[in-house]
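Let's walk through this fold together, one question at a time. Have a look at the structure first, and then we can begin.

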Amino acid sequence: MRPLAVTQFLGLISLTVAMDNGLLKTPPMGWMAWERFRCDVDCHDDPENCISEDLFRDMADRLVEDGWRELGYEYVIIDDCWMSKLRDEQGRLQPEPTRFPGGIAKLARYIHDRGLKLGIYADMGTLTCMGFPGTTLDKIEIDAQTFATWGVDYLKFDGCYSNPVEQMLGYPLMSKALNATGRLMAYSCSWPAYLGGLPPEVNYTLLGDICHLWRNYDDIQDSWDSVQGIIDWFSNNQDHLQPAAGPGRWNDPDMLIIGNFGLSVDQAHSQMALWAIMAAPLIMSNDLRNLDNRARAILQNKVVIAINQDPLGIQGRRLLQERNRIEVYWRPLSQSASTLVFLSRRTDMPYLYHTSLAKLNYEAGNYEAYDVFTGSTVTGLNATTEIVLSINPSGVVMWYIYPEQSKQTETLHYQHKKTSRFTFL
Ligand SMILES: *[C@@H]1O[C@H](CO)[C@@H](O)[C@H](O)[C@H]1NC(C)=O
Ligand SMILES: *[C@@H]1O[C@H](CO)[C@@H](O)[C@H](O)[C@H]1NC(C)=O
Ligand SMILES: *[C@@H]1O[C@H](CO)[C@@H](O)[C@H](O)[C@H]1NC(C)=O
């Protein structure tokens, strides 16, 4: 098909396609298998860690019993390698029977019974990235229907083994097909990552119309290098990416790797803080059965979660890259509040950084700041007060800042639990 014809076709379907079905007004939170458990299908030698219904049931149990669900972590998301290599006689995808003997519908019931939601993975193309059956254009409707029948709540739609023309047709068609099932499903599109992530190849207006979130860039790996590379790419391209985000439409810099092997405690603070600045999905990929208390405390920090989940849904930006290798990030929040993250890219020692709110574009007035990871409060700030912060190498200082006069009533909205609007301070 000629590109012109594709564009015309898209113009027609985009009139009827929309993912504005009320889901994901704040970024999704939950757990996903990929970064930690990859394509481990060896249930014989590695039964605890292989991709199987047991793994997802274990994680659902942990989300409920260890306090995650109450904080908003609600999606349990299957990634690649869940499928049988063959579709069934009716052409439907089916799970690999030895690893998912109960089937996906039963797993969905288990997850729903615990107040959680189930996500699943498919691939726009002839094969998934790991070589399982793909969703070619002619299979989009049947696969959407299958997921709806099973009770799936979220689809991650990858893009291996397809070309840009097929993707331009397939991603909007899947949006339409999910909608046509009548079941509310969140839709995560890997499309932009396959197009280099930037305009003019990527049309973020269109993506926002058809997807709830999208992967823009490379897969995260279990290392600080990988986290830094992602922060750099999103910040260097923030003029394109930041305006694309908003309630129901999110950039996705990929999973939280906190609790695995690659990050120090300071680096884990940095990932959590920057993901809150970026209004990123908080989708962990770690082993919730074996999480140390420091990782748990970071991932369960209510203030950083509330900042991430701020109802205005405005993505933040990098404000400054100083020559001394301190970077400053800012995100505006509801109720005249905002957050500042000071990230050190240094490798020597804690750095004493001098600044003021005026230097960071704050207006005259009196402010208070709550230090998100230490729990201390700084009072009596005005725009010109000299601020001196000690920032650890590859660590952050994260401030939640609000006008002083509003401190009596200051609350952070907490979206996921109707009753859990918690009083700040
Ligand atoms: C389908 O799309 C329409 C129009 O955006 C929306 O109102 C409706 O909620 C959607 N339904 C589902 C099941 O996604
Ligand atoms: C991007 O998509 C939107 C919505 O479909 C459309 O109105 C707009 O013309 C597209 N922009 C470009 C540059 O193609
Ligand atoms: C701002 O606060 C500093 C002390 O931090 C004080 O010396 C200064 O007078 C204040 N300025 C204004 C305009 O209130």
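Q: Which residue follows H6 with a positive phi?
A: This is a predicted model, and a good place to start is the end of helix H6 (residues 140–150). The residue that follows H6 has a phi near 90°. That residue is Gly151.

Q: Which elements are included in what covers the buried residues of H6?
A: The buried residues of H6 are Ile140, Asp143, Ala144, Thr146, Phe147, Ala148 and Trp150. Their cover includes two helices and two strands, namely H5, S3, strand S4 (154–158) and H7.

Q: Is H6 roughly parallel or oblique to H7?
A: The axes of H6 and helix H7 (residues 164–180) come within 9 Å and cross at roughly 40°. Angles under 35 degrees would count as roughly parallel, and 65 to 115 as roughly perpendicular. The crossing therefore makes H6, relative to H7, oblique.

Q: How many nonpolar residues does the contact of H6 with H7 have?
A: From H6, the contact draws on Ile140, Glu141 and Ala144, and from H7 on Gly170, Leu173, Met174, Ala177 and Leu178. One residue of this contact is polar and one is charged. The number of nonpolar residues is six.

Q: What is the hand of the crossing of H6 and H7?
A: The two axes come within 9 Å of each other. Their crossing is right-handed.

Q: Is H3 oblique or roughly parallel to H5?
A: Helix H3 (residues 53–65) and H5 have axes that come within 10 Å and cross at roughly 10°. Angles under 35 degrees count as roughly parallel. So H3 is, with respect to H5, roughly parallel.

Q: How many charged residues does the contact of H3 with H5 have?
A: H3 brings Glu53, Phe56, Arg57, Ala60 and Asp61 to this contact, while H5 brings Leu107, Tyr110 and Ile111. Five residues of the contact are nonpolar and no polar ones take part. The number of charged residues is three.

Q: Which strands stand at the edges of the open sheet of eight strands?
A: The order of this sheet is S7-S6-S5-S4-S3-S2-S1-S8, and its pairing is parallel. Two strands each have a single partner, so one side of each is left without a neighbour in the sheet. These edge strands are S7 (250–252) and S8 (282–284).

Q: By what angle are neighbouring strands of this sheet turned against each other on average?
A: The sheet is open and has eight strands. With direction ignored, the average turn between neighbouring strands is 25°.

Q: Which residue in S7 stands opposite Leu213?
A: Strand S6 (residues 213–215) runs parallel to S7, and three bridges join them. Opposite Leu213 in S7 stands Trp250.

Q: Is H10 oblique or roughly parallel to H12?
A: Helix H10 (residues 224–236) packs against helix H12 (residues 265–277) at an angle of about 25°, with their axes 11 Å apart. The limit for roughly parallel is under 35 degrees. H10 is therefore, relative to H12, roughly parallel.

Q: How many polar residues does the contact of H10 with H12 have?
A: Trp224, Val227, Ile230 and Ile231 of H10 meet Gln267, Ser270, Gln271, Leu274 and Trp275 of H12. Six of the contact residues are nonpolar and no charged ones take part. The number of polar residues is three.

Q: How many of the seven residues of S10 are buried?
A: Strand S10 (residues 326–332) is mostly covered. Buried here means under 20% relative accessible area. Of its seven residues, the number buried is six.

Q: Which residue in the turn between S9 and S10 has a positive phi?
A: Strand S9 (residues 317–321) is antiparallel to S10, with four bridges joining them. The two form a hairpin with four residues between them, and a phi of about 70° occurs in the turn. The residue is Arg325.

Q: Which residue in S11 stands opposite Val328?
A: S10 is joined to strand S11 (residues 338–344) by seven bridges, and the two run antiparallel. Opposite Val328 stands Phe342.

Q: What is the bridge partner of Tyr353 in S15?
A: Five bridges join strand S12 (residues 351–355) to strand S15, and the two run antiparallel. S15 has a covered face of Ile387, Leu389 and Ile391, and an uncovered one of Val388 and Ser390. The bridge partner of Tyr353 is Leu389.

How values were computed. Residues numbered from 1 in each chain as written. Chains lettered and ligands numbered in written order. Predicted model: local features only at pLDDT ≥ 70, side-chain atom pairs only at ≥ 80, totals over all residues. Heavy atoms only, no water. Axes fitted to C-alpha atoms, helices over the stretch in contact; angles between N-to-C directions. Parallel < 35°, antiparallel > 145°, perpendicular 65-115°, else oblique. Left-handed = near helix turned anticlockwise from the far one by under 90°. Contact = heavy atoms within 4.5 Å. Nonpolar A, V, L, I, M, F, W, Y, C, P; charged D, E, K, R; others polar. Buried < 20%, exposed > 50% of the residue type's maximum accessible area, 1.4 Å probe, protein only. Pairing = 2+ DSSP bridges.
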